[in-house]
Amino acid sequence: MMSSKLKRFFLLFIVFFWGVLFGSVIFFPWSNFVDFINSKSDIIHIESAGFSFFPFGVKLLGLEVRTREGKELYFKELKISPSLFSPLYLVFGKFKGSLKLKTEKSAITINFTAKNIFRPEKMSLSSVYLTGDISSEELMSIFDLGGKGNLKIELKLNGDIRTPNSLEGKFLLSSSDKDKTIIVLKNTNKLHVPVEGEFSLGKVNAEVTIKNGVMTLDRFEMRGGNIEGSGKGSLIIKNPFFESQIDLTFELKTNLLNIPSQTIRLKGTLSSPKIG
């Protein structure tokens with residue numbers, strides 16, 4: 001039977017441990033974290049957010065984000081929770097936790113490890129594991145296009161985010177079980193499409209391998225929609241990210257308007273893609 005002294009020891013240890021964990025949330029340099037996000041101004045810039053603390057975590061409500069090109073994004077809620085071992089990580093200038101992000105139609109969870117958290121100029125992410133459901137409409141709006149249906153997403157990434165050549169991992173994307181993926185194509189300042197309108201891609205499945213900063217499209221299939229096809233190619237990750245170089249080839253066929261099968265090649269950068 002456990003002695004009373006041993007019981008008190010374990011009780012004090014638990015109280016101390018959770019106290020340090022709570023303190024790691026309160027005293028974590030959140031302003032440094034926001035500065036780090038904003039320093040990546042080629043991707044996003046945090047305009048405003050309401051901070052509130054909950055047991056062993058922090059919640060941001062009404063998060064407004066501006067992309068490099070001036071597009072505004074709104075997130076209903078963002079929660080950051082530390083791992084059980086965060087007090088130990090803080091000793092080494094690291095922070096390990098999870099981030100839950102919600103918009104009107106999407107929800108994702110990101111488990112991450114940040115390093116150099118007390119040095120904003122060197123702060124970076126060393127590992128990321130992302131899962132969730134993303135609205136096609138919200139995703140395509142980034143490119144000024146439309147969409148319907150939800151997509152399941154999974155991303156495993158290791159390496160220093162500041163050094164693209166160090167990145168390795170896996171990326172998976174698929175249509176939700178009950179949904180078909182629909183996109184609305186139209187000509188924009190960024191993209192010229194051969195045909196405008198609403199098209200069903202059916203069930204979409206994509207698998208991407210990331211190695212030495214290069215994303216290789218191992219598998220891409222669209223089945224059961226108005227447009228079917230497959231794809232291959234690669235994306236070379238650059239810093240800034242929107243200058244990453246793309247070289248993708250898609251074999252597409254459709255049962256609409258008697259259009260013959262086509263091979264479409266997408267080249268250029270994420271910020272200025274070109275169809276050729």
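Analyst: Relative accessible area sorts residues into three classes, where buried means under 20%, exposed means over 50% and partly exposed lies in between, using a 1.4 Å probe and protein chains only. The model discussed here is predicted, so local features need pLDDT of at least 70 and side-chain atom pairs count only at pLDDT 80 or more, while totals for chains, interfaces and linings use all residues. Residues are numbered from 1 along each chain as its sequence is written, and side-chain values use heavy atoms, with hydrogens and water left out.

User: Is Glu137 buried, exposed or partly exposed?
Analyst: The relative accessibility of Glu137 is 38%. Since this value is neither under 20% nor over 50%, the class of Glu137 is partly exposed.

User: Which residue forms a salt bridge with Lys105?
Analyst: A salt bridge needs a side-chain nitrogen of Lys or Arg within 4 Å of a carboxyl oxygen of Asp or Glu. For Lys105 the closest N and O atoms are 2.4 Å apart, and the partner is Glu137. Lys105 lies in the loop between β4 (94-102) and β5 (107-115), so the pair ties together parts 32 residues apart in sequence, the other part being helix α4 (residues 136-141), which holds Glu137.

User: How many residues apart in sequence are the parts that Glu198 and Lys148 tie together?
Analyst: Glu198 and Lys148 form a salt bridge, with their closest N and O atoms 3.4 Å apart. Because Glu198 lies in strand β11 and Lys148 in strand β7 (residues 146-148), the pair ties together parts whose separation in sequence is 50 residues.

User: In which strand does Arg265 lie?
Analyst: Strands are DSSP runs of E with at least two residues, and helices are runs of H or I with at least four, numbered from the N terminus. The side chains of Asp247 and Arg265 meet in a salt bridge of 2.9 Å, N to O. Asp247 belongs to strand β14, and Arg265, 18 residues apart from it, belongs to strand β15 (residues 262-269).

User: Are the rings of Phe220 and Phe250 stacked, tilted or edge-to-face?
Analyst: Rings of Phe, Tyr and Trp (its six-membered ring) pair if their centres lie within 6.5 Å, and planes under 30 degrees apart count as stacked, over 60 as edge-to-face and the rest as tilted. By this rule there is one aromatic pair. Its centres are 5.5 Å apart and its planes stand at 75°, so the rings of Phe220 and Phe250 are edge-to-face.

User: Which strand gives the largest share of the largest nonpolar core?
Analyst: A nonpolar core is a set of buried Ala, Val, Leu, Ile, Met, Phe, Trp, Tyr and Cys residues joined through side-chain atoms within 4.5 Å. The largest one has 48 residues, and those with the most contacts inside it include Ile110 and Phe220. Phe220 counts as buried, because its relative accessibility is 16%. The largest share of this core, six residues, comes from strand β11 (residues 197-211).

User: What is the bridge partner of Ala206 in β12?
Analyst: Two strands pair if DSSP finds at least two bridges between them. Nine bridges join β11 to β12, and these strands run antiparallel. In the hairpin of β11 and β12, with two residues between the strands, Asn212 takes a positive phi near 50°. Within β12, the bridge partner of Ala206 is Phe220.
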